Amino acid sequence: MKTIVIAGGGAAGFFAAINIAEKTPGSRVIILEKSSKLLEKVRISGGGRCNTTHACFDPKILTKFYPRGERELLSPFMRFNPSNTIQWFEKRGVHLKKESDGRMFPSTNNSETIINCFMQAALKNGIEICTNEGLDALRFSASQNLWHIQTGKGRNIQAQAVVICSGSTPRTWQLLSALGHTITPSVPSLFTFNIKDERLKNLAGISLQNATIAIKSLKLQETGALLITHWGLSGPAILRLSAWGARSLHQATYKFDLSVDFTGMGVPAILPLIEAYKSNNPKKTIGNSHLFNIPERLWKQIISKETQEKKWADASKKQLLQIVEDIANATFQVSGKSTFKDEFVTAGGVHLKEVDFKTMQSKLLPHLYFAGEVLDIDAITGGFNFQAAWTTAWIVSESIAAHNT
């Protein structure tokens, strides 16, 4: 009987185990999970709804959502992409629905639907699930063509194949490094910005749909929805910026100047519009205008008090230029980061040049496979990180099934 060991009881681990078991009947498939919890990221994703994938079906476009892994994922996505994910779940009785922004969730709006699907499939296929039992030692015997595994409980297992799906786990990275693999150091991705500034005080919950944010010193810029929080700024634009700048922001110790254009239109476009508004509304008070869809409370805090109390007719050219700066080129000092909700994504992991993306097998060691976040692959929010997990795990199952015949 062929034995395949899966290290990690998360999204990639279960997806790999189920697909391997279905494609290699008679094999013994074992999931080793070092903690007591299974599929924890699936459980908390999307506020407990599980953002399962994204309705982006063109592989070339899909790869653009991955700050790390864009080039490597093109070929895998041509083989298994969101359309395949939807079909995979439909076949097992789980319907995925698309929301207006392209994110896809189970129609039940409950992550337990995905977890139950996985657990039922694992039970049906006789997959052995071992919690509180992670990898403790890993050695390949060339003469036997076998992997020798020692678990955290002191158990010894011999396996024809090992699949590493343990995510950002330092212990696993230590084991892989000892086997010769290069590990790109892990740094946080997808985080919000801590900002203490009077202009944002008591404005938590206010959002803008089309703001532009930039870290000019690092040449990073994003446009999108922006949310003011109790601790600073969040929202899709901030999260995308944190993903693309993960390494450089880590090097900057999360202290930098952030430029915010609350209009999303750019400084050059704003001044003539401001001047036109002044001409058409000379008697109106500046503080009561809140132009460009900027919420009134925010407008009154980002424009200086002295300027707010003036009528447009009395505003000098210098004051008009200052208004433009206040609303379209406001600078905030970021003093740190906060985790986005309960979700935690890292950039880092197994160096991608050491992995064959046709099989997801190690280029250094035989019958050693990788799927999910253990690789130096990560994406912005929207279901893309899970899609990378499903795709890489599915390719692992195809490769192992091919070796099994």
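**Note on the aromatic cluster, two enclosed helices and a small sheet**

1. Phe 15 is buried, with a relative accessible area of 0%, a value that falls under the 20% limit used for calling a residue buried. This is a predicted model, and the points below should be read with that in mind. Phe 15 lies in helix H1, and, leaving aside its neighbours within four places in sequence, this residue is in contact with Phe 80, Trp 88, Phe 118, Trp 390, Ala 393 and Trp 394. By way of contrast, a separation of 17 Å lies between the C-alpha atoms of Phe 15 and Leu 96, which are 81 residues apart along the chain.

2. Helix H1 covers residues 11-23, and its 13 residues should span 18 Å at 1.5 Å a residue; the C-alpha atoms at its ends are 18 Å apart, which agrees. Of the 13 residues of H1, 11 are buried, so the helix is largely enclosed by the rest of the structure. The buried residues of H1 include Phe 14, Phe 15, Ile 18, Asn 19 and Ile 20.

3. Helix H8 (residues 236-244) can be described in a similar manner: 7 of its 9 residues are buried, so H8 is largely enclosed by the rest of the structure. The buried residues in H8 are Ala 237, Ile 238, Leu 239, Arg 240, Leu 241, Ser 242 and Ala 243, a list in which the reader may wish to note Arg 240 and Ser 242.

4. How many aromatic pairs does a search of the whole structure find? The search finds 21. In one of them, the rings of Phe 89 and Trp 390 have their centres 6.0 Å apart and their planes at 75 degrees, so the pair is edge-to-face. Because Phe 89 lies in helix H5 (residues 82-91) and Trp 390 in helix H14 (residues 384-404), the pair ties together parts that are 301 residues apart in sequence. Phe 89 and Trp 390 are both buried. For the rings of Phe 191 and Phe 193, the centres are 6.1 Å apart and the planes stand at 45 degrees, so this pair is tilted; both of these residues are buried as well.

5. Ring pairs also link a cluster made up of Phe 14, Phe 15, Phe 80, Trp 88, Phe 89, Phe 118, Phe 386, Trp 390 and Trp 394. Trp 88, a member of that cluster, has Arg 92 lying over its face, at 3.8 Å from the ring centre. Elsewhere, Arg 199 lies over the face of Phe 332, at 4.0 Å from the ring centre.

6. The sheet to be considered is an open one, formed by 3 strands in the order E3-E5-E4 with antiparallel pairing. Strand E3 (53-54) and strand E4 (96-98) stand at the edges, each with a single partner strand, so one side of each is left without a neighbour in the sheet. E3 is joined by 2 bridges to strand E5 (residues 103-106), the two running antiparallel, and the bridge partner of His 54 in E5 is Arg 103.

7. On the other side of the pairing scheme, E4 and E5 pair in the antiparallel sense over 3 bridges, with Phe 105 in E5 as the bridge partner of Lys 97. The hairpin of E4 and E5 has 4 residues between the strands, and in this hairpin Gly 102 takes a positive phi near 95 degrees.

Notes:
Residues numbered from 1 in each chain as written. Predicted model: local features only at pLDDT ≥ 70, side-chain atom pairs only at ≥ 80, totals over all residues. Heavy atoms only, no water. Pairing = 2+ DSSP bridges. Phe/Tyr/Trp six-rings, centres within 6.5 Å; stacked < 30°, edge-to-face > 60°. Buried < 20%, exposed > 50% of the residue type's maximum accessible area, 1.4 Å probe, protein only. Lys NZ or Arg CZ within 6 Å of the ring centre and 35° of its normal. Expected span 1.5 Å × (residues − 1). Contact = heavy atoms within 4.5 Å.
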